[in-house]
Amino acid sequence: MTDSLTVPMYQHRTVLLDEAVDALNLAGARADGIYIDGTFGRGGHSRLLLSRLGPQGRLIAFDKDPQAIATASHIDDPRFAIVHDSFATMHDALAARGIPRVDGILLDLGISSPQVDDASRGFSFRNDGPLDMRMDTTRGMSAAEWIASAEQLQLEKVIRDYGEERYAFQIAKAIVARRAVEPISGTRQLAAIVASAVKGREKGKDPATRTFQAIRIFINKELEDLEAGLTAAYGMLAPGARMSVISFHSLEDRMVKQFLASKAKVEQPDRRLPIRAVDLPQPEMRLIDKIKPSDTEVQENPRARSAVLRVAERLGTAA
């Protein structure tokens, strides 16, 4: 088993690398600004950002994964700092550094290829491994521990809501029945239980895919972190600063889309009211772009096929 603090030699291809960094618009004086990479991963976006930063620029990255932190420790650049925590904590982390505003934020959601490919992490059923699924292996409950203790109704709700799985009831029931006989501690073991409960198979997709996604999202509080992180990110953006967010499944993308849309939209007052144009409500953000990987990128990296990059810019004046 790979030790949690050892950096494994798995390859990671950063999705929408140039597009996400280009969207932050590090041109001219903006190159000497302060930027956040909320999901360091294996450092693809961070390294490109550092190559674009000016001598006075700063980059602060976040990640929950100890292996990502170990990788980041090899970046010898005084402009760079890494925080071992979720990007949801960015407000407090930057406040502690005396940073009230930043000039751009990049979030690359989901899990990285090294996490998927390393069987010891338990994110995938392709190779058998311990049912862990924690992004931060130094804290929190593993997937195996949760499955052993969760009530059937909670199992069903998580699998249905976070996996969008129509057979959630049958899967939860099968899990409860099996754990009464033996502990469920391996990825292939769980995948087999799910396969036995799923009556219909989606073409080209393993029947356990949605259940593994659901449990991973729940264990790591991914949607809660995303909601808190988007709010914190918006609050820290300086006027003219941009946010680039890459999502990989519909639950994430829906949250990002709705959040950005809510900031870009304003309620228009009754036209019959005597309100001056200068007093009309103004949008807080401007939607810049929605980008998907090119056919070439998807061919070279099939894991990019579901990615969506959304970009928005903060308007107005500093609070």
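**Domains, sheet and salt bridges in a predicted model**

The model is predicted. The protein is divided into domain 1 (17–108 + 222–267 + 274–314) and domain 2 (124–220).

User: How many Å separate the centres of domain 1 and domain 2?

Analyst: The centres are taken over C-alpha atoms. On that basis, the separation between domain 1 and domain 2 is 31 Å.

User: Which three residues supply the most of the area that domain 1 buries against domain 2?

Analyst: In the contact between the domains, 14 residues of domain 1 meet 13 residues of domain 2. The two domains bury about 1,100 Å² between them, with 45% of it on carbon and sulfur atoms. Of the area that domain 1 buries against domain 2, 47% comes from three residues, more than from any other three: Lys64, Glu222 and Leu251.

User: Which helix gives the most to the side of domain 1 that touches domain 2?

Analyst: Between domain 1 and domain 2 there are six residue pairs in polar contact, both residues at pLDDT 80 or more. Helix H11 (222–236) and helix H12 (250–264) each supply at least two residues of the side of domain 1 that touches domain 2. With four residues, the helix that gives the most is H11.

User: How many salt bridges are counted between domain 1 and domain 2?

Analyst: Side chains of opposite charge can pair when their charged atoms come close. Glu164 and Arg254 meet through their side chains in a salt bridge, at 3.5 Å from N to O. Between domain 1 and domain 2 the count is two.

User: Why is one side of strand S3 and of strand S6 left without a neighbour in the sheet?

Analyst: Seven strands form an open sheet with mixed pairing, in the order S3-S2-S1-S4-S5-S7-S6. Strand S3 (80–84) and strand S6 (285–291) stand at its edges, so one side of each has no neighbour because each has a single partner strand.

User: Which residue in S7 stands opposite Ser244?

Analyst: Strand S5 (residues 237–247) and strand S7 (residues 308–314) run antiparallel and are joined by six bridges. Opposite Ser244, the residue in S7 is Val311.

User: What angle does the direction of helix H2 make with that of S2?

Analyst: Helix H2 (residues 44–52) packs on the sheet and touches strand S1 (34–37), strand S2 (58–63), S3, strand S4 (102–108) and S5. The direction of H2 makes an angle with that of S2 of about 175°.

User: How many residues apart are Arg52 and Asp22?

Analyst: The structure holds 19 salt bridges. One of them joins Arg52 to Asp22, with the closest N and O atoms 2.9 Å apart. Arg52 lies in helix H2 and Asp22 in helix H1 (residues 17–22), so placed that the pair links distant parts of the chain, at a separation of 30 residues.

Technical notes: Residues are numbered from 1 along each chain as its sequence is written. This is a predicted model: local features need pLDDT of at least 70, side-chain atom pairs count only at pLDDT 80 or more; totals for chains, interfaces and linings use all residues. Side-chain values use heavy atoms; hydrogens and water are left out. Two strands pair if DSSP finds at least two bridges between them. Contact means heavy atoms within 4.5 Å. Axes are lines fitted to C-alpha atoms, for helices over the stretch in contact, and angles run from 0 to 180 degrees between N-to-C directions. Domain bounds come from an automatic or database domain assignment. Buried area is the accessible area (1.4 Å probe) that two parts lose on being put together, summed over both. A salt bridge is a side-chain nitrogen of Lys or Arg within 4 Å of a carboxyl oxygen of Asp or Glu. A polar contact is a pair of N or O atoms within 3.5 Å; within protein, one must be able to donate a hydrogen and the other to accept it, and residues adjacent in sequence count only if both atoms are side-chain atoms.
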